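I opened the structure to look up a sheet, the helices around it and what is buried. My notes follow.

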2 protein chains.
Amino acid sequence: MSFFRSNIEQMGGYVPGEQPQGDKFIKLNTNENPYSCSPKVKAAIGHMIQRGLQKYPDPLATAFRIRAGEVLGCDPDWILCGNGSDDLLTIATRAFVEPGDRVRFANPSYVLYRTLAEIQGGQCDVVSYQPDWSLGPAFTAGDARLKLAYLANPNSPSGTALAPQQVAEIADALPCPLVVDEAYVDFADNHCISLVAENEKVLVTRSLSKSYALAGLRFGFLVGQPHMIEQLSKIKDSYNCDALSIAGATAAMDDQAWLTQNQATIRATRQRLFAQMQELGFASVASQANFIWNPHPTIAVEPLYHKLKESGVLVRYMNYPNWEDGLRISVGTDEQIDACITLLRAAM
Amino acid sequence: MSFFRSNIEQMGGYVPGEQPQGDKFIKLNTNENPYSCSPKVKAAIGHMIQRGLQKYPDPLATAFRIRAGEVLGCDPDWILCGNGSDDLLTIATRAFVEPGDRVRFANPSYVLYRTLAEIQGGQCDVVSYQPDWSLGPAFTAGDARLKLAYLANPNSPSGTALAPQQVAEIADALPCPLVVDEAYVDFADNHCISLVAENEKVLVTRSLSKSYALAGLRFGFLVGQPHMIEQLSKIKDSYNCDALSIAGATAAMDDQAWLTQNQATIRATRQRLFAQMQELGFASVASQANFIWNPHPTIAVEPLYHKLKESGVLVRYMNYPNWEDGLRISVGTDEQIDACITLLRAAM
């Protein structure tokens, strides 16, 4: 006899990218930042440890919300903090989706959206990207059972981004809230924060994992209109962000100079990686994120993934149904990218 | 127009105990440990900071599960880690409860159980404790729609605990899984871990917040049979525990000598607090936890809460429907308890 809900038993569960612990691999597979975070983050966490950890953290992470509001140009009550942006995607899904409701997202995109919908008992309405990574009218088609749409922007694995005006039009046309997942936006030219004030349906999620080099800390936030934040807050665990991550995230947001410098470095290496992958014949896609999507028009790429792994370089091999397969390579340091390219060249 | 599920809009949301930041108050209101955690925990976190936070943490917190398994006498695959035990209570609720299903818990108990059931769209079947804080046959009554039961053991606010044999009988009689919430069990004489191997329906949750003085770190775990853990794992966020909390929690579990000494200190102060509250005429309940429940047979206690707060001492005033009200006072240091007692004596 099983006690579990049938949708839980039937689902496969989300499989995250490989996370070997230790330093055995050059990790270019889960879009981590190759550099260490701002020293101010480490200092802030160290200070909090010395203050002690026996007390509960601030349930609303007020210090972070004040500082992030200053950076983004919004009041703190437009911000909800989470244990990574996955926590906020989970909260939004639980807020809007009943069993049997429809959830819409694009393919190929972040695989977690399907998992979150399935846990909730929702049905997935998957809209294929067009060959140029734009979204056609199917993404905004009317549907009375549609309760939530997710849009990764920039998208993974493509690294492409829709312009804010396009996102605004999508949000206007949709009958339901639109989560604009901006996990990678700090590496892009534009963002959609300004759309939130224009349309209550727009909820923007951000992560400190990539651009602030804090994947290990688990901190993200959501920007929405205050009446939306108020309802979403009911769903979060009371103390979903710990004292160390609140301290570290606040210090990270406070050090925008570090971010600016890191962005420039990652973008420069991204350009080098892009040029070299093109030289190797990959049909690489110009990226607004800290990774590049690399299908190949003639060569099978899955064996390349295995050869790289044997030599100590982890990239992500992805094969999307009704689409194509390819290697998604995170933008590491110049040295890491050179090592990857050298191995690829030898393997091809 | 609202986009939210109607049960979300209708619910009030869980209100945690007051968490004033800074050191303005003597906090005896949310059952925090008054002592600083093991120095080995601080060292382990400090070491992890220096290693860097740019990489994702181990999704399964393997290091912790190995160490905790050694302490508890079970294999690591019997353990699921969470972002505080609230995360695990949330996961269990999402695993078993569909909208319209019934969830059973006792009253008075941890108020979060109702919130979790309501978020999921479940219906609450609340069974009153008997005057001696035992549970009658209503708690195990058959009900085809009953999908989950929670039992806080030791219970809050009473601090009382059912014997493991009683819990075993409840689990056997119930038609659904029973979450035995052992957040306070390290201050008690017995625990229910051994029941897990005997009955797949028993899921024991633990927290490092109280007994390891790590409320600020957010780390808890659940012990269940491996096939139960496997299904529950599908629901957790991939990286629900951050790298610092995994490192700190593992070091905490590794320092059982610290725990043993802290337990002895808290129990001794608990005995002093109990005796002094009885002297003041409270009908205090003998406690197996790190707090004491104090109703008063003749005096209104809510004004006492306010007077204490005005003088810088926070305790928890609780008023349960169809029950009684009282002051729940956490076991602080001897000095904190003396300050509280002195103020109470003056106010009565």
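I call a residue buried if 20 or more other C-beta atoms lie within 10 Å of its own. The model is predicted.

Entry: helix α8. I looked up α8 of chain B, residues 226-233, and found M228(B), Q231(B) and L232(B) buried. Seen down the axis of α8(B), these buried residues fall within an arc of 100°, so they line one face of the helix. An α-helix has 3.6 residues a turn, so residues three or four places apart point the same way. I then asked what covers the buried residues of α8(B). The cover includes α1 (6-10) of chain A, and β2, α4 (85-96) and β7 of chain B.

Entry: the sheet. In chain B I traced an open sheet of seven strands with mixed pairing, in the order β2-β8-β7-β6-β5-β3-β4. Its edge strands are β2 (79-82) and β4 (123-128) of chain B, each paired on one side only. Neighbouring strands of the sheet are turned by 20° against each other on average, direction ignored. I noted that α3 (62-72) of chain B packs on the sheet and touches β2 and β8 (220-223) of that chain. The direction of α3(B) makes about 125° with that of β2(B). Helix α6 (164-173) of chain B also packs on the sheet, touching β5, β6 (178-181) and β7 (202-207) of chain B. Its direction makes about 155° with that of β6(B).

Entry: the core. The largest nonpolar core has 214 residues, and A92(B) is among the five that touch the most other members. Leaving out residues up to four places away in sequence, I found A92(B) touching L148(B), V179(B), L203(B) and L232(B).

Conventions. Residues are numbered from 1 along each chain as its sequence is written. Chains are lettered from A and ligands numbered from 1 in the order in which they are written. This is a predicted model: local features need pLDDT of at least 70, side-chain atom pairs count only at pLDDT 80 or more; totals for chains, interfaces and linings use all residues. Two strands pair if DSSP finds at least two bridges between them. Helices (H or I, at least four residues) and strands (E, at least two) are DSSP runs, numbered from the N terminus. Axes are lines fitted to C-alpha atoms, for helices over the stretch in contact, and angles run from 0 to 180 degrees between N-to-C directions. Two residues are in contact if their C-beta atoms, placed from the backbone, lie within 7 Å. A nonpolar core is a set of buried Ala, Val, Leu, Ile, Met, Phe, Trp, Tyr and Cys residues joined through C-beta atoms within 7 Å. A residue is buried if 20 or more other C-beta atoms lie within 10 Å of its own, exposed if 12 or fewer, and partly exposed in between; C-beta atoms are placed from the backbone. The arc is that of the directions from the helix axis to the C-beta atoms.
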